[in-house]
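Student: I've got this one open in the viewer and want to talk pockets and odd backbone spots. Start with what you're calling a pocket.

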Amino acid sequence: MINYELFENETEKLGIELDSYAAERFDSYAERLVRWNKHVNLTAITDPDEIVIKHFIDSLNILKYVDIPDRSSIIDVGTGAGFPGLPLLFANPTLNVTFLDSVGKKLSFLKDVLRVNGLIATALHMRAEELGRDYKMRESFDIATARAVAPLNSLCEYCLPLVKVGGRFISLKGANAPEELEAAKNAIETLGGELEASHSFTLSNGDQRYIFVIKKISQTPTKYPRRAKKIDTRPL
């Protein structure tokens, strides 16, 4: 399915060391992504080389810029087809990853990929704002990740309440990211966050990408997250 040489060349550029089975895992992932996509809306990208660059390498860039210790607890919010959480787990199977999505069929796809590759993770069929109000789950994760789920100011309210103080929210964004970051400054501060780092990079196909690392420096006020309609129509 995927071009192994392309995959290995791209991961080498990132300076990421993957085990000898990694390429096979990603190949299996791509094959299932295309097959499931015929009856479940997972992605508009089905060309094997584009899957490698736009999905796998884009997600793995996190590991180039952010140190994620072994056994870290990660929640991938609005995970969809598993980006970036599943590539991170493939790269480091010690991670304790929770995949969160409101669409059950997408989680069924992820469970299939996990089963075939012999990996263990948690799949939660819930909305992020509901989970953020659950006292057992609130502020319990080392890291929250999200990729192209919503504008950053809204995304912060979905994700930061789930991150423990001292943890991080890692957001992957596209070309409009600088404007989104400017608009999200109030949300970041209000929710107990602080911009720790901003990284920009260009994928080998020319796409401009950004990674924002937001550190949780204080507890999120208990009135957040609000209901989804307020988050989306009246962002902080």
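Tutor: On a 1 Å grid over the protein atoms alone, a pocket is an open set of points with protein on both sides within 12 Å along at least five of seven lines, while a cavity is a set where a 1.4 Å probe fits but cannot get out; lining residues have an atom within 4 Å of a point. Keep in mind that this is a predicted model, where local features need pLDDT of at least 70 and side-chain atom pairs 80 or more, while totals for chains, interfaces and linings use all residues. Residues are numbered from 1 along each chain as its sequence is written, and side-chain values use heavy atoms, with hydrogens and water left out.

Student: Which residues line the second largest pocket?

Tutor: Going along the chain, you'll meet Tyr 4, Phe 7, Glu 8, Thr 11, Ile 16, Leu 18, Asp 19, Ser 20, Ala 22, Ala 23 and Glu 24.

Student: And which helices supply at least two residues each there?

Tutor: Helix H1 (4-14) and helix H2 (22-36) do, going by DSSP runs numbered from the N terminus (helices are H or I, at least four residues; strands are E, at least two). H1 gives the most to that lining, with four residues.

Student: How much space is in each of the two pockets?

Tutor: The largest pocket holds about 620 Å³. Among its 31 lining residues, Gly 78, Thr 79, Arg 147, Ala 148 and Val 149 are the closest to the centre. The second largest comes to about 150 Å³. A volume here is the space filled by probe spheres set on the points, with grid points joined across faces, edges and corners.

Student: Which element gives the most to the largest one?

Tutor: H3 does, with three residues. The elements giving two or more are H3 (48-65), strand S2 (96-101) and helix H6 (128-131).

Student: OK, switching to backbone. Which peptide bonds are cis?

Tutor: Phe 83 to Pro 84 is cis, with omega near 5°, and so is Tyr 224 to Pro 225, with omega near 0°. Pro 84 sits in the loop between strand S1 (73-77) and helix H4 (85-91), whereas Pro 225 is in the loop between strand S7 (208-216) and helix H10 (228-233).

Student: Pro 84: buried or exposed?

Tutor: Buried, since its relative accessible area is 0%. The cut-offs are under 20% for buried, over 50% for exposed and partly exposed in between (1.4 Å probe, protein chains only).

Student: What is Pro 84 in contact with?

Tutor: Setting aside neighbours within four places in sequence, Pro 84 touches Ser 59, Ile 62, Asp 76, Thr 145, Arg 147 and Leu 172; contact means heavy atoms within 4.5 Å. Arg 147 came up earlier, as one of the residues closest to the centre of the largest pocket.

Student: How far is Pro 84 from Thr 43?

Tutor: Their C-alpha atoms are separated by 13 Å, with the two positions 41 residues apart along the chain count.

Student: Which residue in the loop between H3 and S1 should I look at?

Tutor: Try Arg 71. Its phi is near 65°, a positive value in a residue other than glycine. Arg 71 is exposed, with a relative accessible area of 63%.

Student: And what is phi at Glu 139?

Tutor: Positive, at about 50°, although Glu 139 is not a glycine. You'll find Glu 139 in the loop between H6 and strand S4 (141-147). Glu 139 counts as buried because its relative accessible area is 18%.
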